[in-house]
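Please look through the structure below, with attention to how its strands are ordered and how its helices are placed. The paragraphs after it go through these points in turn.

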Amino acid sequence: MINRRQWLCGMGIMASAAAQPGSAFAASKKETHKTASHSLSLAEFSPKSMLQVPETHVARARFPVIDFHTHITRSAKSTRGVSLASDRVYLGTPQELLAVMDSKNVRAMVNLTGGYDKGLGDVISKYDHAFEDRFYAFTEPCYERFLETGYPQLQAEAIERAHRQGARGLKILKTLGLYLRENITSGKLVKIDDPRFDPMWDACGQLNMPVAIHVSDPVAFFTPTDRFNERYEELTNHPDWSFYGGDFPSNAELLEARNRVFARHPKTHFVVLHVGNFAENLANVAENLDRFPNMSVDIAARIGELGRQPRTARKFFEKYQDRILFGTDATPHGDQYPQQVFNDKLYEVYYRFLETDDEYFDYAPAEVPPQGRWRIYGVNLPETILRKVYFENAAHQLNVVV
Ligand SMILES: [Zn+2]
């Protein structure tokens with residue numbers, strides 16, 4: 001295995017127009033520093049912007065916030081992308097979370113990965129019941145029972161049980177469509193619209209529990225990790241995030257299977273996470289929102305995408321202001337993911353994006369932009385839209401009184 005630096009060095013970029021073809025890849029690091037010419041590896045490129053424009057520091061959200069997309073707990077056992085245990089790992093204590101929440105005006109966090117059965121019960125008593133209206137846990141499917149006879153009914157009953165325990169919704173990870181296979185971790189991939197999940201979707205509709213569904217991933221993850229890939233460094237840091245090749249379906253096939261589920265279960269509400277994982281094409285997301293009244297989106301981990309198209313994004317917020325939920329994908333101590341590590345800075349950059357018209361700023365606190373080398377622009381939303389996105393739309397989904 002080559003390490004990241006060697007790999008990036010192999011992708012040397014031309015630093016000077018005068019550089020000779022052929023010499024670019026040969027220049028050593030020492031030479032590069034001495035002469036500041038010839039070539040520079042992408043990993044070493046860290047330009048400091050000379051642009052001087054106003055910078056607004058938004059320490060608190062203008063209105064109270066429900067963060068609809070966080071991961072306070074996760075499964076204690078997972079194999080090849082499939083979570084296989086009720087037991088939870090706790091990523092942050094309620095006290096450390098509440099300290100940041102109070103200072104950033106976050107009224108509540110939705111803990112999407114709450115699990116099921118005993119693990120879920122523990123999470124609900126430790127967070128949701130101990131600090132009322134500050135934490136809302138979602139349940140997840142128990143895939144380790146996938147091979148049992150009667151799984152479809154078992155899974156629907158598990159949703160009812162989770163609802164009685166206090167779960168507010170169901171979370172589906174990208175596991176469905178990209179990891180879960182006929183024999184759980186081997187065999188053919190199970191499709192998102194597999195009829196074995198129909199009773200589960202229906203149970204959610206009957207119990208008025210929203211389904212927070214992560215389908216597919218950024219479209220660049222389905223293309224080769226090469227010099228044309230705009231998320232090259234991210235994929236190099238996390239090679240297992242690439243779904244190019246193998247027996248993986250395309251991004252379009254995954255979204256089509258997802259849409260068939262929406263069409264078949266009109267009474268179930270789906271919150272499509274990460275702007276439907278197609279913020280690169282808001283026209284497509286808009287088309288699907290028009291087609292499916294039972295669909296909303298969250299913006300978690302996608303301000304990098306929205307903020308590089310601020311005019312299109314602003315129109316999108318205006319048109320779909322009742323169907324966009326605030327979310328961050330916050331993960332306490334998730335230091336390997338700068339765009340989602342739970343801390344003050346994470347919230348400040350989301351607020352700056354939503355509330356100001358600041359230009360050309362980092363979408364994540366990191367030396368190199370972690371989801372692609374670009375910067376973003378604020379969308380400066382009016383107060384009526386801010387209220388909806390920060391709080392009201394999520395409150396409606398969670399049946400919380402505003
Ligand atoms: Zn997430």
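Which residue of strand 9 is the bridge partner of M109? In this predicted model, the partner is F135. The two strands concerned are strand 8, residues 106–111, and strand 9; they pair in the parallel sense, and 3 bridges join them.

That pairing belongs to an open sheet. Its 3 strands follow the order 3-8-9, with parallel pairing. Strand 3 (65–70) and strand 9 (135–137) are the edge strands, each of which pairs on one side only. From one strand to the next, the twist averages 20°. A helix also belongs in this picture: helix 15, residues 383–398, lies across strand 3 and strand 9. Relative to strand 3, helix 15 runs at about 65°.

A further open sheet has 5 strands, in the order 10-11-12-13-14, and here too the pairing is parallel. Its edges are strand 10 (170–172) and strand 14 (324–325), and each of these pairs on one side only. Strand 10 is joined to strand 11, residues 211–213, over 3 bridges in the parallel sense. Within that pair of strands, L170 stands opposite V211 of strand 11.

Next come two packed helices. Two numbers describe such a pair: the angle between the helix axes and the distance between those axes. For helix 5 (residues 151–165) and helix 7 (residues 198–206), the angle is about 25° and the axes are 7 Å apart. Angles under 35 degrees count as roughly parallel, so helix 5 and helix 7 are roughly parallel to each other. Their crossing is right-handed. On the side of helix 5, the contact is made by P152, Q153, Q155, A156, I159 and E160. Helix 7 contributes D198, P199, M200, D202, A203 and C204. Sorted by class, the contact of helix 5 with helix 7 has 7 nonpolar, 2 polar and 3 charged residues.

Finally, the division of the chain. How is the protein divided into domains? There are domain 1, covering 4–44, and domain 2, covering 65–398. Taken over C-alpha atoms, the centres of domain 1 and domain 2 are separated by 39 Å.

Definitions and conventions
Residues numbered from 1 in each chain as written. Predicted model: local features only at pLDDT ≥ 70, side-chain atom pairs only at ≥ 80, totals over all residues. Axes fitted to C-alpha atoms, helices over the stretch in contact; angles between N-to-C directions. Helix = DSSP H or I, 4+ residues; strand = E, 2+ residues; numbered from the N terminus. Parallel < 35°, antiparallel > 145°, perpendicular 65-115°, else oblique. Left-handed = near helix turned anticlockwise from the far one by under 90°. Contact = placed C-beta atoms within 7 Å. Nonpolar A, V, L, I, M, F, W, Y, C, P; charged D, E, K, R; others polar. Domains from an automatic or database assignment. Pairing = 2+ DSSP bridges.
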